[in-house]
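Work through the exercises below with the sequence and the model side by side. Try each task before reading its solution.

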Amino acid sequence: MYNFNFFMPTKVLFGPGKLKELHSEMLPGKKALIVTSNGTSVKKYGYLESLEKELDEAGVAYALFDQIRPNPTDINVMDGAKAVRENGCDFVIALGGGSVMDCTKCIALMAANQGNIWDYSLSAAGGKKTPANPAIPIVCITTSAGTASEVDIASVITNDATQEKTGIFYPSMFPTLSVVDSDLMMSVPPKFTAYQGMDAFFHASETVVNKNVHPMAEMFALKTIELVAKYLPVAVKDGRNQEAREMMAYANTFAGYYMMCTSARTMEHVMGSFHDDLVHGAGLIEIAHAYYDFFAERKAAEEPMKKMAKAMGVENPSSGKDFIMALDKLIAEIGCGDLKMSEEGITREELKKYPAKVHQVLGGDITADPLPLSDEDYLTIFENAYC
């Protein structure tokens, strides 16, 4: 007997050109704080201008906060919440990838609550408080296909002072409205297309091997795996391929509708907490073979791995090792077979610090792996992944 909850309150406008329909929607306020990264892409490619045009047509005022860094921090969040209040905004709009959307959701929470965002973190150094008030309304416009932050409540925030990179999530952090417009993804460079696409893939693969998986979650996850395996190599090779971009947008959203992450996610967050320039998808790729092969060697997830291998095009898979081979092939096809932890600045010696941190930094459910992992097992996986 399966027991699960499914709650998806976010209205999603999905498809090429959907940003152009934003003005016809009932937006959740009179003045928005538009939140973007500290980079230049949304301005360079005209995405910000297009959003401003939609808001002008809708009669909605706005202010801009363009300070979000690639791994957003508690400081980013608090500065953004201050900007909401100083500009008299009553809702927020995220325009960007996962980092921007994650940070925007926390900005919305802190615009309505006292203290610091870390007061509401469940991490080792977090205050573990429950917010007194719900987040102000959130609109997400994603420019990447990977994190699915536009359809979930989760955000990943870094605290540089405590060396924690952790998940913060409350029900009010569900976006009210999200736009998934693959036209906004055409400009993502090949390297980041690969990293983001594999983030979506691992959302799905962690779901399938999760010991708590059920048919609803598996349905979304296996379709995601099928789409990523088929279309990510195409999108990496030719970023202007509209079909590949649209199919990767589908994969990203499907993975986000029911995400059941395992300790693989937490392990990467540990890496990122020590190295804040590490791109999340890259870190996941770097540990992927060692992580999944740990279970394949022990035949701990044979049926789930055979299902994933079949979704990736393997005919008649006979063991978990077929999935490992398909995974390695996909990673090579997208040009990521030579990623090295050492090139991120990670040293073999520092790996010894990582297992203890797994219990302090939030990401996935470390109790949901196919086999329970000890600190010695975590270290073994990190060491096997190291090069």
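**Exercise 1: The sheet**

Strands β2 and β3 pair in the parallel sense, over six bridges. This is a predicted model, where local features need pLDDT of at least 70, side-chain atom pairs count only at pLDDT 80 or more, and totals for chains, interfaces and linings use all residues. Residues are numbered from 1 along each chain as its sequence is written, and side-chain values use heavy atoms, with hydrogens and water left out.

Task: find the order of the strands in the open sheet, then say which strands stand at the edges.

Solution. Start with the terms. Strands (E, at least two residues) and helices (H or I, at least four residues) are DSSP runs, numbered from the N terminus. Two strands pair if DSSP finds at least two bridges between them. Strands of a sheet pair through backbone hydrogen bonds, either parallel or antiparallel.

Step 1. Take one bridge: Lys31 has Ala61 in β3 as its partner.

Step 2. Read the order of the six strands: β1-β8-β5-β4-β2-β3, with parallel pairing.

Step 3. Look at the ends. β1 (11-14) and β3 each have a single partner strand, so one side of each lacks a neighbour in the sheet.

**Exercise 2: Helix α2**

Task: compare the expected span of α2 with the distance between its end C-alpha atoms, and find which of its residues are buried.

Solution. Step 1. The expected span is 1.5 Å times one less than the number of residues. For the twelve residues of α2 (residues 47-58) that gives 16 Å; the end C-alpha atoms are 17 Å apart, which agrees.

Step 2. Buried means under 20% relative accessible area, exposed over 50%, and partly exposed in between (1.4 Å probe, protein chains only). Tyr47, Leu48, Leu51, Glu54 and Leu55 are the buried residues of α2. Seen down the helix axis, they fall within an arc of 125° (taken from the directions from the axis to the C-beta atoms), so they line one face of α2.

Step 3. Turn to the other side: Glu49, Lys53 and Asp56 are exposed there.

Step 4. Contact means heavy atoms within 4.5 Å. The buried residues pack against β2 (31-37), α1 (41-44), β3 (61-68), β4 (91-96) and β5 (138-142).

Step 5. After α2 comes Gly59, with a positive phi near 75°.

**Exercise 3: Ile331**

Task: is Ile331 buried or exposed, and which residues does Ile331 touch?

Solution. Step 1. Locate Ile331 in helix α11 (residues 320-333).

Step 2. Its relative accessibility is 7%, so Ile331 counts as buried.

Step 3. Leaving out residues up to four places away in sequence, Ile331 touches Met198, Ile285, Ala288, Cys336 and Gly337.
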